Amino acid sequence: MSKLIVIGSLNMDIVSRIQHFAKAGETIHSSHLAYYPGGKGANQAVAAARFGAECVMVGAVGSDGFADQLIDQLQLSGVNTEHVLRTEGASGTAYIMVNESGENIIVVSEGSNGKLSPQAVDKHTPWEQASAILLQNEIPWETTCHIIAKAKQANVPVWFNPAPARSIPAELWEDIDTFIMNETETALITGKPVYNMESAKAAAELLTRQGAKQVIVTLGEQGCIYTNAEGMYVSVAAYEVKAVDTTAAGDTFIGVYAAARLNGATIEAALSNAVAASALAVTKDGAQASIPQKQQVAEFIATNGMPLISR
């Protein structure tokens with residue numbers, strides 16, 4: 001089985017349920033407070049492992065009470081945590097407010113994630129085992145650039161989720177095998193507005209013309225699009241579900257897509273499973289707590305049919 005190495009963040013998500021987002025200077029009440037293991041890196045690792053990938057997590061936790069909980073949740077999901085280092089101080093935390101529509105606002109405190117240096121990555125990453133690297137933007141940018149360069153030297157493809165959004169130097173684009181990002185991240189990187197599948201396709205094709213090999217843009221309830229440097233284009237419609245909490249929807253999509261592709265699925269099949277998994281994820285509270293197992297995704301597709309695919 002191919003091995004997926006996820007290098008990224010582990011956070012404890014502190015989630016407040018609210019009626020509406022506060023305006024500047026406004027105090028509002030939370031109807032519910034909960035703690036969920038999260039972090040984009042850890043979420044994507046959990047999603048990939050639950051969908052059948054052999055997955056290794058490389059990251060950092062602190063010396064606080066959250067550290068063991070973050071590692072235990074990964075292990076329960078089948079993720080190898082031997083390469084997660086422990087540092088002094090606080091683990092990463094994310095303060096998440098979720099309104100009645102399931103939309104969220106997230107404030108991240110990097111904690112131990114900020115201590116994942118290039119030297120730590122070199123020491124803790126089993127490069128010789130990697131079939132692909134899955135990477136996000138919740139660790140230091142210096143470390144992210146180092147990982148991309150190291151993966152290029154090792155001839156290991158990088159699947160990059162540039163979230164939280166930031167500008168990505170164009171000279172890095174050709175070193176990334178697959179960009180997977182939402183409309184906000186795509187617009188920031190390309191400088192083009194993204195609001196539907198047509199505009200997402202235009203922005204994605206700009207990336208492929210300038211060196212990116214494959215680009216996936218997720219569009220929430222509109223679905224997603226895929227394009228590559230050879231001119232292939234696929235769009236997949238979303239399922240209609242009642243959203244409760246969208247916190248880990250994107251991470252679920254990415255982890256399931258990566259797992260499916262590593263285990264031999266076609267691009268269309270991987271996208272379809274990823275869309276179905278993210279639809280399931282938004283119907284439950286929490287980050288990792290909402291990520292479905294592979295069998296649940298299969299049952300959802302069997303009940304609701306395959307999503308509409310266009311080319």
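**Helices and a cavity in a predicted model**

Trainee: Which helix holds Thr-143?

Mentor: The structure is a predicted model. In it, Thr-143 lies in the helix spanning residues 141-154. That helix is α4.

Trainee: Is Thr-143 buried or exposed?

Mentor: Buried means under 20% relative accessible area. Thr-143 has a relative accessible area of 1%, so the residue is buried.

Trainee: Which residues are in contact with Thr-143, leaving aside its neighbours within four places in sequence?

Mentor: Contact requires heavy atoms within 4.5 Å. With the sequence neighbours within four places set aside, the partners of Thr-143 are Leu-116, Ser-117, Pro-118 and Val-121.

Trainee: Why is helix α1 described as largely enclosed by the rest of the structure?

Mentor: Helix α1 covers residues 40-50. Its buried residues include Gly-41, Asn-43, Gln-44, Val-46 and Arg-50. The helix is largely enclosed because the buried residues number 10 of the 11.

Trainee: Which residue with positive phi follows α1?

Mentor: The phi of this residue is near 105°. The residue is Gly-52.

Trainee: Which strand gives the most to the lining of the largest cavity?

Mentor: The lining consists of Val-15, Arg-17, His-32, Ala-34, Tyr-36 and Asp-285. Strands β2 (11-17) and β3 (32-38) each supply at least two of these residues. The strand giving the most, with three residues, is β3.

Trainee: How many residues of each class are in the lining of the largest cavity?

Mentor: Val-15, Ala-34 and Tyr-36 belong to the lining and count as nonpolar. Arg-17 and Asp-285 are also in the lining and count as charged. By class, the lining has three nonpolar, one polar and two charged residues.

Definitions and conventions. Residues numbered from 1 in each chain as written. Predicted model: local features only at pLDDT ≥ 70, side-chain atom pairs only at ≥ 80, totals over all residues. Heavy atoms only, no water. Buried < 20%, exposed > 50% of the residue type's maximum accessible area, 1.4 Å probe, protein only. Helix = DSSP H or I, 4+ residues; strand = E, 2+ residues; numbered from the N terminus. 1 Å grid on protein atoms, 1.4 Å probe; cavity = no way out; pocket = protein on both sides within 12 Å on 5 of 7 lines; lining within 4 Å.
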